[in-house]
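Please examine the interior of the following model, with attention to its packing and its pockets. The discussion begins with a question about one pocket and then moves to the wider structure.

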Amino acid sequence: MEMITNVSEYEVIAKEKLPKMVYDYYASGAEDQWTLKENRNAFSRILFRPRILIDVSKINMMTTILGFRISMPIMVAPTAMQKMAHPEGECATARAASDAGTIMTLSTYANSSVEEVASTRSGIRFFQLYVHKDRNLVAQLVRRAERAGFKAIALTADTPRLGRREADIKNRFNLPPYLTLNNFEGLDLGKIDKTDDSGLASYAANQIDQSLSWKDVKWLQTITSLPILVKGVLTAEDTKLAIEAGAAGIIVSNHGARQLDYVPATIMALEEVVKAAQGKVPVFLDGGVRRGTDVFKALALGASGVFIGRPVVFALAVDGEAGVRKVLQMLHDELELTMALSGCRSLKEITRNHVVADWDHPRVLPRL
């Protein structure tokens, strides 16, 4: 295999290697996939204002997230069904994140259970939660995650229904019969069967609670002492409501552009959310990050850190645990280089003055 020199090259190889149904499931977005493209393209509309002649012989990228010290502000987002990419699935990802000294978020719809992931190697882990109609099941899942040593709950709040993912409909997506959603083992909920369209859409329609509301963020706090991150926030209004509801943090996310198409790229929505949060809780960015330069831009716009999803599953598909480890290392090294070339020796030195976005100076329309 030719040497891989950046994160995006893993996707090209993964596309050749994975069955079409699996690759399309990981790679595709909703409907016209405008937001999917925009999640990447929007980063190119932010340019650097580097500072020179600063001693950058020592660079510190360490940060603290919800009280936990990690090696860099780059964390692993929840992505479902990782054993479709590699037989070791989420356990391999967890080991790679642990070795990198960063946080891994496990999906409710993982092929490895919270207990299996917890037993792989010590590390800081968050649990992503879909709220099902059966609240006893939800409470049981949360308590299991807490018992297994997970440190926070990332509540996915943008999925009362599944977005229309046309690739999954065309492929009649289903979970391969040799795999299960291991968090539901023994509960008759571990299979996603073949249907006339997307098996996942049918599964979600039957299981996910469409009545989920802000009062449920408060309910979650009655069943767990873990901090709750609200994932899927894109507006100032929802930022304020999340803080009022007791959220410990906010993840600016459009679900990898898989839910509502034509929402803004997350990097475009980030500043609005950061300003509304007023420093009361940390704000994180999820979506479109493929370079260390992207991470720097997110930090400059006020994010406390970023989560990466697709790069992890594609690297996992290509080279298992070693692939995920390499993706995290490449992003770490690229961010370190970007900091050095911008004149920043620590994360706190990265400021809004280090970037200029095309929306900073909107063109004035000529008078008619």
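How do the residues of the lining of the second largest pocket divide into nonpolar, polar and charged? In this predicted model, that lining comprises 11 nonpolar, four polar and three charged residues. The pocket holds about 290 Å³ of space. Among its 18 lining residues, A157, D158, L212, S213 and W214 are those nearest the centre. Strand β7 (152-156), helix α9 (214-223) and strand β8 (228-233) each contribute at least two residues to the lining, and β8 gives the most, with three.

The largest pocket encloses about 670 Å³. Its lining consists of 38 residues, with Y26, T79, G256, R258 and R310 the closest to the centre. By class, 19 of the lining residues are nonpolar, 11 are polar and eight are charged. At least two residues each are supplied by α1 (8-17), α2 (20-27), α3 (34-41), β11 (305-308) and α13. Helix α13 provides the largest share of this lining, four residues.

Attention now turns to the nonpolar packing. The largest nonpolar core contains 108 residues, and L129, I267 and L270 have the most contacts inside it. Helix α13, spanning residues 310-342, accounts for the largest share of this core, with 14 residues.

The surroundings of L129 can be followed in detail. Leaving aside residues up to four places away in sequence, L129 touches T108, V138, L141, V142, I153, A154, L155, T156 and L220. A second core, separate from the largest one, has 13 residues, including I70, M75, F126 and A152.

Technical notes: Residues numbered from 1 in each chain as written. Predicted model: local features only at pLDDT ≥ 70, side-chain atom pairs only at ≥ 80, totals over all residues. Heavy atoms only, no water. Core = buried A, V, L, I, M, F, W, Y, C linked by side-chain atoms within 4.5 Å. Buried < 20%, exposed > 50% of the residue type's maximum accessible area, 1.4 Å probe, protein only. Contact = heavy atoms within 4.5 Å. 1 Å grid on protein atoms, 1.4 Å probe; cavity = no way out; pocket = protein on both sides within 12 Å on 5 of 7 lines; lining within 4 Å. Points joined across faces, edges and corners; volume = space filled by probe spheres on them. Nonpolar A, V, L, I, M, F, W, Y, C, P; charged D, E, K, R; others polar.
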